[in-house]
Amino acid sequence: MSVLTRDEAQARAQILDVQRYTIELDLTAGEETFDSRTAIEFTARTAGDTFIELKPATLRSISLDGQPLDPAHLTENRYPLTGLTEGTHEIHVDAAMRYSRTGEGMHRFTDPSDNETYVYTQLFMEDVQRVFAAFDQPDLKSVFALTVTAPEGWTVLGNGVTEHTGDGRWTIAPTPPLSTYLVAVAAGPWHSVTTEHAGLPFGIHCRRSLAPHLDADADEILDITRACFDRFQEKFTEPYPFDSYDQAFVPEFNAGAMENPGLVTFRDEFIYRSAVTDTERQTRGMVIAHEMAHMWFGDLVTLAWWDDIWLNESFAEYMGYQTLAEATRFTDTWVDFGVARKGWGYDADQRPSTHPVAPDPADVPDTASALLNFDGISYAKGASALRQLVAWLGEKDFLAGINTHFARHKFGNATLADFIDNLASATDRDVHAWADRWLRTTGVDTLAAHTTETDTTWSLTIDHRGTRPHRISVGAYDHSLDTQHGPTPLVLRERFDAGIPEEAPVTRPGRRPALVVLNDEDLTYAKIRLDPHSWNTVLDSLSGIPDPLTRAVVWNAARDMVRDGELAPSTYLEAARAHLPYETDLALLQGVLAFADTHVAGRYTAPEDRPAALTTLTALCRDLIRRTEDGTHPGLRLTAVRHLIDAATQPDTIQGWLADDTVPGGPELDPELRWRILTRLAVLGATDETAIDAALEDDPSATGQEGAARCRAALPTPEAKAAAWNAMFHDDSLSNYLFTATAQGFWQPEQTDLVRAYVPRFYPEAAQLAARRGPAIAEAAGRYAFPVHAVDADSLRTGEEALDDPALIPALRRKLTDQIDDLRRALNVRDAH
């Protein structure tokens, strides 16, 4: 397949204006393909040659201005249009297109719970070509008018209001000018909850088997939707630009969600079948807010080329967290961002694959390279940079600048230069210089505190290792005189602003505080190092810090020190053991336990020390379970139960829970907990195929199918491993989700010897798989099927040699580059301690 280059896109945009797509999709043609008929009205500004993209199963006919063209001239995914004359033209294309099982193009899914079938589009980047013929680049916006023929009993959703005109035929209202990748259709026997808000139809939709679970949360989802909608209407002078707002929770979705105008699609794990914590509900709320922000950032005003993807994602990320905090009951969203999201950016920014938030256009020469930039830098680092910008610029001027941006470019395209100019028009500050320092550079600055004291004053010097200016808060904390059970509490003495770089130490009255925290309100993006006096206080009193956001900053400092080899993984676990039993913030608890489990015990701890690490985690979780026996803090209890299951080294306790269908004192087991226990029992060799089959019979849902695949792959037998490997790498029938579930079960730290021979096999077979099945499966293979627990010099050498393979497709090469760098870091951490 030919990928579109930036130069080709610019050349085509100079030649063409596209006015209208009229598209007819027929979803009644069978299980493998659907019919796609497209008419495109466009204008050639000058005479010349160009091309149109499509990836058909069969190209039945194509014509230009009424004259038939030869379908045989289609080469890969391009049809040449030669000898165009200046003026208006119309192309007609009739094709059969393939349904996808990988979440790309038109994905088709049959629900094993009731055998109902659903289809939906995911057209991002270059997958519109899998659904209809198009001039597929973001700066050739057009009106789209779609009609869809669907089986009887189905409902069709689209970017605009839909109308059923009879005989399974649905008409979708023509859109305002959109980029091709934002067109959306979702069809099936949806369960829907509809309402009206601000004069517009609103709806939420899911497959029928999830109807009771959607109904249980419908009020919460719609309340968040309305509250965020109203808050965005207050922030932005441009009104909501589309005619409706539907949110469809769809199966086997690769991303968290997709910002299709008027029809946002979400992964349907956000319709909770089992108990979840309030932080997980907050995450769902943030994704709702994030996607709604895209209606302006990305949909109303769209990037001209993919080098400016941060103009979509960084803004939606920042606005999602900020607006949810302003408009809903979830007021502490930045704690979750700090402990769960920001590390994603820090990690990505310290790998060889790092790139600026706003990369040089020359570094994004084509769509394949652009796809690699959907990472922690474009999301978390970019959002952190914007948070720092607002702290420096002030929210009033920031909003004035972005509203100017919307007004100047609505329903059009804009670049980084346009955006910075629009921000600069609202302030006297040098926004261009700020952008050069923050958006065009790579890497993470480090801010290290050094404190001294006299009898009457104390002084702070900040060692700034990096190049960016920072505006931060510094928190000074003292030990409280109050006594209580557990670590000594701390009280805030003062919080003051500091600009970095600073020429001289800051001197403050009084004795040196017990704890000095740089970036106390987490307003900048930098690694933080505490002075030795403060670090000693943290080890004794971390959970006594009064503000959860400050605790998040300190936990992140500890996390970074572990990753940089400056803090022993065992010390991190000891700190978690000492302080998490007193933690009240769910996001912090979940974030710290996740790092302790996945990275500290799973990768940074040597095999001979892993049992002790798991024992520490188990003891910590038991403390949390005891603390919540009175029914308070159900989210804390659920989190502790989950992690105790994952850390179990002996099957007896969790086997008893499974047999009794409850944890003593609660909670009762739900499908998520049952599959979680069964997976761990499989790892420990304490269950078998018969038990897995029985569990699947009890829960034949899609989630149950994934749970069974995960369990079977986790069984510690040569036969189970061979079957799982064959399913992943040689039988291409697995959907994206079943592939992921199988991969998650395959590699286990407890089974290193059993799977050792598969480590060198992974690289060539993953390369072949990616070449056959494309970027989505390549991403899943690189993320989930990579042997992350094979932390040794031989594995590192094998991985480094595999990167020399010129046949690696870009999506897989990027994932392997990152994974191998993480492996190198894990080895360094082990060697350091």
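Here are three short exercises on the structure above, each with a worked solution.

This is a predicted model, in which local features need pLDDT of at least 70 and side-chain atom pairs count only at pLDDT 80 or more, while totals for chains, interfaces and linings use all residues. Residues are numbered from 1 along each chain as its sequence is written, and side-chain values use heavy atoms, with hydrogens and water left out.

**Exercise 1.** Find which strands stand at the edges of the open sheet of five strands.

*Solution.* Start with the terms: strands are DSSP runs (E, at least two residues), numbered from the N terminus, and two of them pair if DSSP finds at least two bridges between them. Next, read the order, β15-β16-β17-β19-β18, with mixed pairing. β15 (191–197) and β18 (257–258) each have a single partner strand, so they are the edges. Finally, look at β15 and β16 (200–206): they run antiparallel, joined by seven bridges, and H197 stands opposite L200 in β16.

**Exercise 2.** Decide whether A691 is buried, partly exposed or exposed.

*Solution.* Recall the cut-offs: buried is under 20% relative accessible area, exposed over 50%, and partly exposed in between (1.4 Å probe, protein chains only). A691 has 29% relative accessibility, so this residue is partly exposed.

**Exercise 3.** Work out which helix gives the most to the lining of the second largest cavity.

*Solution.* Helices are DSSP runs too (H or I, at least four residues). A cavity is a set of points on a 1 Å grid over the protein atoms alone where a 1.4 Å probe fits but cannot get out, and lining residues have an atom within 4 Å of a point. β28 (527–529) and α12 (548–563) each supply at least two lining residues. With four residues, α12 gives the most.
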